[in-house]
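Trainee: Before I use any of the labels attached to this model, I would like to go through how each of them was reached.

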Amino acid sequence: MLAKVYVTLKQGVLDPQGKAVGHALGTLGFKEVEDVRIGKYIEVTLPDLPKDKAEARVKEMCEGLLANTVIESYRIEL
Amino acid sequence: MKVGVITFPASNCDQDCVSAVKRMGASVVSLWHRDASVQDVDAVIIPGGFSYGDYLRCGAMAAHSPIMAAVKQFAAKGGRVLGICNGFQILTESGLLPGVLMRNAHLKFVCRTVAVKIVNTQTAVTSRYKSGQILQMPVAHMEGNYFADATTLATLKKNNQIVFQYADGQNPNGAIDNIAGICNEARNVVGLMPHPERVCDPLLGGTDGVELFKALLQ
Amino acid sequence: MTITPDQIASHGLSPDEYSRILELIGREPTLTELGIFSVMWSEHCSYKSSRIHLKNFPTKGPQVLQGPGENAGIVDIGDGDAIAFKMESHNHPSYIEPYQGAATGVGGILRDVFTMGARPIANLNSLRFGEPSHPKTAHLVRGVVAGIGGYGNCVGVPTVAGEIYFDACYNGNILVNAMTVGHVRQDEIFRGFASGVGNPVIYVGSKTGRDGIHGATMASDVFDDASDEKRPTVQVGDPFTEKLLLEACIEAMKTGAIVGIQDMGAAGLTSSSFEMASRAGTGIVMDLDKVPNREPGMTAYELMLSESQERMLMVVTKGRESEILEVFEKWELDASIVGEVTNDGRMKIIHHGEAVVDLPVAPLADAAPLYDRPRQKPEWLDALNNAAPVQKTYSDWNAILLQMMGSANLCSRAWVYEQYDQSVGANTVTLPGSDSAVVRVDGTKKAVATAVDCNSRYCYLDPYWGGAHTLAECARNVSCSGALPLAATDCLNFGNPERPEIMWQFERAVAGVSDACRELNVPIVSGNVSLYNESVGSAIYPTPTIGVVGLLKDVSRHVTSHFQKKGDVVILLGGNELSLGGSEFAWVMEKRVAGRPPVLDLKLEKNVQALLREWIAQGKLLSAHDVSDGGIAVALAECCFKNELGAQIELKFDDPMMGLFGEGGSRIIITCERDSVTKLFDHAKKMGVPALPVGIVGGTHLKIGKSINVEVAALKHEWSNGFSNVVGKE
């Protein structure tokens, strides 16, 4: 099974990359852009596990490595 | 001779390039990323640094700036273009050079002096070196790991487009085939990761970069 | 609304301090005002525990153009040139989030220097981590080093020197001290003055978010919603914006329209506005609705206390605002007129049309608490001083030297400094790995030499002499490049000042640093104090980090620490009584810190350094290396590595352990051509400075008397690979 993990900066944490990309889009003529925030998308391939077990494991992975929970939050899709 | 040196937001080796060019006796035209023309310069240098903070992908946003449209026209007419470090990244992102510069294999920024071998002396910047000559030049980058797919790599080799290679055992970033710098087919556009502008003064640990700038100004 | 005792406590204010606030303003403060008092009267901004002792520092001298009290200190280097520099700590944030904590530390100190009008030309850092084997150490080292590099590299300022040490006392409290050195023309120096009634106050740089509003000083009712999303966040550095801000500020300064300018550092808008008005004896009225913000619904409290990075406050000549706004538009940065200078000496802050702050500027600064906290020599210290520095006996000196060279505190730091761009700017003459870095002043034949140092084990065993040694060694490192030490900056890292033994350590260390400053004519021109570096009731060793800047009038006359060629004569210049108390030997072999640090004769130190500089200026020396941690055996090995040259050394000693690894101040290994030896000895004799010919450079081995005979390649192998024991193999 495939676990999809989206790691994004928490609300309120400055996203310098998003800011710079938003600005560049504006100068390229995409004036309607209000905000850009950049995150990471990670695919984790697992053996077939019960959904709750898989979710618990991936959550551990997020807490332990995939996300820096001081500044990032994450979302898991199975 | 007039050399244009481009400044993007957060270019940071632009003044070092200006100093190197002036030391060779040429005059410098400072070009701004929003300029739509390279004016009447004889050559263009795209210096190192962190244009747009290296955000998204190194060189990606700079490649879409107005000045790069002008540089493409200039290069198409045979104008000499040298991209150093971030400048090399901007050249690959803008399609003026093939391949891509990925994150260093060890995932860390690396700044050290490495031995670099001259592979092709028939380019805009290497005509004054001997084939196989070894230069000592510092690298300073996070994304210098040159990569090209098998077809592109074969083409590069066939056309003798590999200009600089790290000496054996000196590859600081995992670049394929030890590639430190390449040129386009017409040999007027060259990009390299090491910093020749930092070795143009004996006080700063070497003069191996002097002939590179002299060649560019010929 | 009524301020509750809980709110007062959570703002870190004592009941006494709150009474003082009531007395000062004659009414209950608003919550925003309480927040302002809490930061302005915090240890960080008011130096309330340390100020009384900091007065001890010598801060004046003909070379000093700006002493403490400004964003950075400034020294004269002649020809209208000057050097601005300062060091600052970012210890706690770096422990919480090592990459961003270290990165924003670098960002803050860079702004402190370029706000004075100086273009940064060099970064340095002094780092302390816990034991290499501690589970957190590798992670913290990796994050901090990457953060320092990530920020400084992007801004394009070379990181040229530093130090990194490991000790269990830093397990729960790492130290990240960052220093920046900048060059400025003397007639282009800017200061943080809000002068000229009616002049506009302009906010420039990044937008304000909810970054770094301290949990500890956070009133519970400020955030009605306790959700994760709204909780105060770690400051994130944006070096890209910093680089633009640097270029924009320097360009704006050239217009001549700027009257005063200050970085928004700790306590951002609050400290910058109050400090600028306070220095000028003026007031400011400011409308927070004009402050560019990143998030909707920010309160006045949040706007005033946010520590968002990459922001500056400036006061501009009335009528010339547009010149400044144009520059910031060119660099695509926010700039907004947020207020103006007034003559009533009050800080008036308006938010949504309502006055949320109305405080007197000068009294708020003048009435800041000042404590002469109780001091008491620790009870355990005498016993520790009287204990034996080393407990076991040793004999296999070759094996010991190999072990020492690969140990965490002595091995090569290349893993660290190769992650820093050391040569951007094309002015770095001496790269990391020598005693001090040498950076040319662009367009001149002058250069500055600079180094950072602290021997915290000495400070633990004897804070006075530890402080003196630290200053002396830092100056010695600068002298070893041939430069005249001009002035110093300090970063005083200590434990909880409310504990008498910590305050005793603080007072003694400051006294030791001060006396060494006076004797060596190196005044302190800027600095920072970091207290409360404790975890679980256990304090770090007293760590008064010192950074020294020196001048090389002719950069072509400098040397490095590396042996240059076969046949050169090795001389030991200076020399004093040695000790193993607090030595690297005792730490490596026995993890032991006991006894007394070596004595230091400051008069001798001064003469040794003066003679060394004179010889380097005359071009008589080929290398010079300070003998410090690990004693002379380690220092000699270090001289061998760069050019892979051995040496044959004859040293007389009764006790090899003391002779090889004992430490002491005022000792330098120098080399010269064979035919200069006689003249140098005559000169040294005349000057009353000990000088001893000890050997010859050459061969594949380092031989020291009958005790040591090891291949240089083997020593270098241990030394080069030692750091992987800390951070793991690549």
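Mentor: Let us begin with a definition: a residue is called buried under 20% relative accessible area, exposed over 50%, and partly exposed in between. Please keep in mind throughout that this is a predicted model.

Trainee: Why is B:L56 called partly exposed?

Mentor: The relative accessible area of B:L56 is 46%, and because values between 20% and 50% count as partly exposed, B:L56 receives that label. B:L56 lies in the loop between β3 (43–46) and α2 (66–76) of chain B, and, although not a glycine, B:L56 has a positive phi of about 65 degrees.

Trainee: What makes C:K591 partly exposed?

Mentor: The reasoning is as before: C:K591 has a relative accessible area of 48%, and the label exposed needs a value over 50%, so C:K591 is partly exposed. In chain C, the loop between α20 (584–590) and α21 (602–617) holds C:K591, whose phi is positive, at about 50 degrees, although the residue is not a glycine.

Trainee: How do you know that C:S724 is buried?

Mentor: Its relative accessible area is 19%, and buried means under 20%, so C:S724 is placed among the buried residues. C:S724 is found in helix α26 (residues 724–727) of chain C, and a polar atom of the C:S724 side chain lies 2.6 Å from the backbone oxygen of C:N721.

Trainee: What makes B:V100 eligible for a nonpolar surface patch?

Mentor: A patch residue needs over 30% relative accessible area, and B:V100, at 32%, passes that cut-off while being partly exposed. B:V100, found in strand β5 (residues 100–102) of chain B, makes a nonpolar patch of about 230 Å² with B:M102 and B:F147.

Trainee: Turning to the interface, why is the pair C:R440 and B:D201 called a salt bridge?

Mentor: The closest N and O atoms of C:R440 and B:D201 are 2.7 Å apart, and because the cut-off for a salt bridge is 4 Å, the pair qualifies. The count between chain B and chain C is four salt bridges, and there are also twelve residue pairs in polar contact, both residues being at pLDDT 80 or more.

Trainee: Which element of chain B gives the most to the side that touches chain C?

Mentor: β6 (110–118), α1 (14–23) and β7 (134–141) of chain B each supply at least two residues of that side, and β6(B) gives the most, with three residues. Overall, 26 residues of chain B are in contact with 30 residues of chain C, and the area buried between these chains is about 2300 Å², 58% of which comes from carbon and sulfur atoms.

Technical notes:
Residues numbered from 1 in each chain as written. Chains lettered and ligands numbered in written order. Predicted model: local features only at pLDDT ≥ 70, side-chain atom pairs only at ≥ 80, totals over all residues. Heavy atoms only, no water. Helix = DSSP H or I, 4+ residues; strand = E, 2+ residues; numbered from the N terminus. Buried < 20%, exposed > 50% of the residue type's maximum accessible area, 1.4 Å probe, protein only. Polar contact = N/O pair within 3.5 Å; in protein donor to acceptor, adjacent residues only side chain to side chain. Patch = residues over 30% accessible without salt bridge, like charges linked within 9 Å, V, L, I, M, F, W, Y side chains within 5 Å. Areas by Shrake-Rupley, 256 points an atom, 1.4 Å probe, with all protein chains shown as cover. Salt bridge = Lys/Arg side-chain N within 4 Å of Asp/Glu carboxyl O. Contact = heavy atoms within 4.5 Å. Buried area = accessible area lost by both parts, 1.4 Å probe.
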